[in-house]
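The following exercises ask the reader to work through a protein model step by step. Each task is followed by a worked solution.

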Amino acid sequence: MPYLGGEETVKELRRALSNPHVQGDPLRHRSTVLRVIRVMSQGVDVAGLFSEMVKACATTDVVQKKLVYVFLCSYASLNPELSLLVINTLRKDCQDPNPMVRSLALRNMTNLRLPSLVEYVQQPLTAGLRDRAACVRRVAVLGWAKLHSLQPHADIDAAVVNELYSMLRDNDPVVMVNCLRALEEILKEEGGVAVNKAIAHHLLNRLKECDVWGQCEVLGVLQRYRPHSEEELFDILSLLDPYLLSPSVPVMAATLGLFLSLCCRGLPAVSLAALRRAQAPLLAACGSASPEMKFTALCHVQLLLRSLPGLMGEHYKRFFCGYAEPAYIKQRKMQVLVELVNDDNVGFVLDELKGYCTDVSPDTAQAAISAIGRIGRSYSDQCLEILTGLLGLKQEHITSVVVQTMRDLVWVCPQCSESVCEALEGCEDTLQDSQGRQALLWLLGVHGDRVSSAPYVLEAFVEQVRSEMAAGVKTELLTATMRVFLCRPAETQDTLGRLLHYCIEEEADMNVRDQALLYYRLLHCGIEETRSVLQGRRSDPSLGVLIGRPAEPVSQWARSFNTLEPLRQCNAGAESAPQAAPYHLALDPEPSLDLCDPLNPSQDRQETAAESVNLLLPGPSAGPLAPGPTAGPPAPGSGGGQLGLSLSPALSPQQFEHLWLGGPQCPHGEPGAREEEEEEECVCVQERMGVSPALQCSPPPQLQAALQRSHIQTMAFTPPHTLPWRVYLYTHTRWGGPAPRGPTLVLGELLYTGGAEDQEGEGEGGERGLRVTAKQRPRDDEAMKGFLQVLSGALHTSSTGSC
């Protein structure tokens, strides 16, 4: 045989296909066709054999037909005119008594994908929908979807659509599922299959007959159906309940997605119960041998933990990393471990993460260190001990991430600053990357009065500033030197002068030069003015004890469950990565909410450099106020409107702190104290409420659930059994009715100290006083009164727990 791939090969194959002796011998003829397919699969252009292969299609050998159809479908687009010769043979095969031949002919007739042949294909497909063999009907149904993809803008044949709808009751479950897929494709622009009560009940009753992928398809389509009564809803849920424990992970995920779609808004308790039922299958999927399945399951576990933070706390060991697992799996598991930490397992989790910090993969080691830093927001002493020990290893990539993690930890938990400052001594020699040096400079600048060697470390940086390539390090060095100068001027004056002279006279980067000019001119304004800009208001130290993340309503993420959305989300991954210094975050300018600005998301709040030093806090996107619970009967003077609470738009912790510290401050005095800013229409109210014994130790878990049901979002809270305990919360009020008022933003703080101050506030029945501080913008006395009523009811509801 000639060399495989040459022109002689094609000529030899043509001679063999045209040889009457070969055509008369079925085995030799099939063997020759097989050689053509083998050569084609190796990249040889055999399009010149199209005519001979069309002739070879006229055979009773099913195997040879399949081989010839593979060739014809591959080269039909290159020979559209010769493809007309195939149609006659295919149409003839559509009438063959063998159902396998009929289905094979229909499938390949649509796989030719030539718009010029559509008119010849429609009649066989229509006949195939009524064929007595199920395998032919399966192919015919999908054939109509292929025809629609060839001509997506052509008019839809109503008769075909009606026929496909009627075939949803076909005896064969695969035909039923294929009809759903075909209708989804054909009616895509109209929203897909229209599911009414009869279709929904029929699909549910036939669900057990379908295979795994058919069940997933049916469950996905059923998410569009909304039951007409609560009784019907519970009947559907009862029927779906066994599938929550299906051994097939795709079926379980599709069933849980349908549960959430049906119950997340009207029956949140049922949604949470379904999430708990799905815990075991999800854990099994997290141990799958397939890395892709494992990663997808871990992403969906993170979704569940957003509403049930302690759901899998007792199974935390299932998320320990394996030695041979890919790095992206290890990093995702570490993110889940951070969410599962509690008082019982924190020691075991930290020991495990400590072992990952010296992993051979730098990415894995950095992710482990960042995870320890996130746990340090709740268990700072134990985590700082580990981080300090890692600094002693003197490894460049480890030291850099540890310093960045300490920087972030000090920013969130100011009470850790003393320990961090002691650990920083001598680590500047190991840092080589720009991110680590920026973090060290930020710490030296903010806490330079606590680090004895801060002026001398800065002097070493200034001496090497000419060889520094990163502009971010230079800007951070400028800010740090200015701050240390304000607290230790004698040791830093000469260093600051040399740095400003270089940055103004020699620096080529305009950003660095402009910042140096800003500081130079600021110094000319006086030390006090400079101090007010660079050493302005910091985070409230009392916020350092606040830990935990409030549970989100299931409705906020239910739509993304069992989709690719959890895999695309990078929020959790971004938290584990080292970040820039807090004062120099590169944020896109977005609208910002302020207690003293109108509640208008399209208005930007511009802050002067003296107030923020290049810090721009982004605000949440505006959204419609979701319906919330009413706070009671219509208030007098409200025009008969009903007051409701809403969680939208949401606030981030940074925005909450900014608004809380920036609003009016309530004076310390008797309950009912009020401070108003009439010009800006801001109001701060302070009230005393009774506290039952169940709330005197710490806020119980029932409190957060009761507030969530009342559409009051908890932002932060203290650890259990801690006095004094605080809870920070917020909500939006709105008025309904014929003359609705504008919405207001309400921020609140619940404070219980357990001291003598609360003994004085003891009311009847032995209840001790809880101080409630609420800030509102714009002012609406009736809305504030309604909010306090709802809050009082939530406190009463949650008081059934015990210490």
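The protein chain has 37 helices and seven strands. The model is predicted.

**Exercise 1. Confidence and overall burial**

Task: State what the pLDDT is on average over the protein chain, and which stretches score below 50.

Solution. Step 1: The average pLDDT of the protein chain is 80, and 81% of the residues score at least 70. Step 2: Residues 675-680 have a pLDDT below 50, and this stretch makes 14 contacts beyond near neighbours in sequence. Step 3: A pLDDT below 50 is also found over residues 756-767, with 17 such contacts in the model. Step 4: Where pLDDT is low, the predicted coordinates should not be read in detail.

Task: Determine what share of the residues counts as buried, and what share of the contacts joins residues at least 24 apart.

Solution. Step 1: The protein chain has 803 residues, of which 50% count as buried. Step 2: Take the contacts between residues at least 6 apart in sequence; 68% of these join residues at least 24 apart.

**Exercise 2. The nonpolar cores**

Task: Describe the largest nonpolar core and identify the element that gives the most to this core.

Solution. Step 1: The largest nonpolar core comprises 195 residues. Step 2: V46, F71, L164, V218, F319, L353 and I375 have the most contacts inside it. Step 3: The element that gives the most to this core is α15, with ten residues. Step 4: Another core, of 24 residues, lies apart from the largest one and includes L703, L770, A794 and L795. Step 5: As a general background, nonpolar side chains tend to be buried together in soluble globular proteins.

Task: List the contacts of L164, leaving aside its neighbours within four places in sequence.

Solution. With those neighbours set aside, L164 is in contact with L129, V141, C179, A182, L183 and I186.

**Exercise 3. Helix α15 and the loop before it**

Task: Compare the span of helix α15 with the expected one, and decide whether the helix is enclosed or not.

Solution. Step 1: Helix α15 covers residues 249-263, which are 15 residues. Step 2: From its first C-alpha to its last, the helix reaches 21 Å, close to the 21 Å expected at 1.5 Å a residue. Step 3: Of its 15 residues, 13 are buried, so α15 is largely enclosed by the rest of the structure.

Task: Locate Y243 and describe its surroundings.

Solution. Step 1: Y243 is placed in the loop between α14 (230-240) and α15. Step 2: Y243 has a relative accessibility of 16%; because buried means under 20%, this residue counts as buried. Step 3: Beyond its neighbours within four places in sequence, Y243 is in contact with L207, K208, Q215, V251, M252 and T255. Step 4: Y243 and Q215 are 28 residues apart along the chain, and 9.7 Å separates their C-alpha atoms. Step 5: A polar atom of the Y243 side chain lies 3.5 Å from the backbone nitrogen of K208.

**Exercise 4. Two loop residues**

Task: Decide for S453 and for G310 whether each is buried or exposed.

Solution. Step 1: S453 is found in the loop between α25 (434-446) and α26 (454-463). Step 2: The relative accessible area of S453 is 19%, so S453 is buried. Step 3: The side chains of S453 and E425 are joined by a polar contact of 2.8 Å. Step 4: G310 lies in the loop between α18 (291-307) and α19 (327-340). Step 5: The relative accessible area of G310 is 62%, so G310 is exposed. Step 6: G310 and V341, 31 residues apart in sequence, are 8.5 Å apart in space, C-alpha to C-alpha.

**Exercise 5. Strand β5 and its partners**

Task: Identify strands that pair with β5 and give bridge partners for each.

Solution. Step 1: Strand β5 covers residues 725-735, and ten of its eleven residues are buried. Step 2: Strand β1 (residues 643-646) pairs with β5 in the antiparallel sense over four bridges. Here G644 stands opposite R734, and L645 stands opposite T733. Step 3: Strand β4 (residues 713-717) runs antiparallel to β5, joined by four bridges; the partner of Q713 is Y730 in β5. Step 4: Strand β6 (residues 744-752) and β5 pair in the antiparallel sense over nine bridges, and R726 has L751 in β6 as its bridge partner.

Task: State which residues lie on each side of β1, and whether they are buried or exposed.

Solution. Step 1: L643 and L645 are on one side, and G644 and S646 are on the other. Step 2: All of these residues are buried, and both faces of β1 are covered.

Key:
Residues are numbered from 1 along each chain as its sequence is written. Side-chain values use heavy atoms; hydrogens and water are left out. Helices (H or I, at least four residues) and strands (E, at least two) are DSSP runs, numbered from the N terminus. Buried means under 20% relative accessible area, exposed over 50%, partly exposed in between (1.4 Å probe, protein chains only). A polar contact is a pair of N or O atoms within 3.5 Å; within protein, one must be able to donate a hydrogen and the other to accept it, and residues adjacent in sequence count only if both atoms are side-chain atoms. The expected span of a helix is 1.5 Å times one less than its number of residues. pLDDT is the predictor's confidence in each residue, from 0 to 100. Contact means heavy atoms within 4.5 Å. Two strands pair if DSSP finds at least two bridges between them. A nonpolar core is a set of buried Ala, Val, Leu, Ile, Met, Phe, Trp, Tyr and Cys residues joined through side-chain atoms within 4.5 Å.
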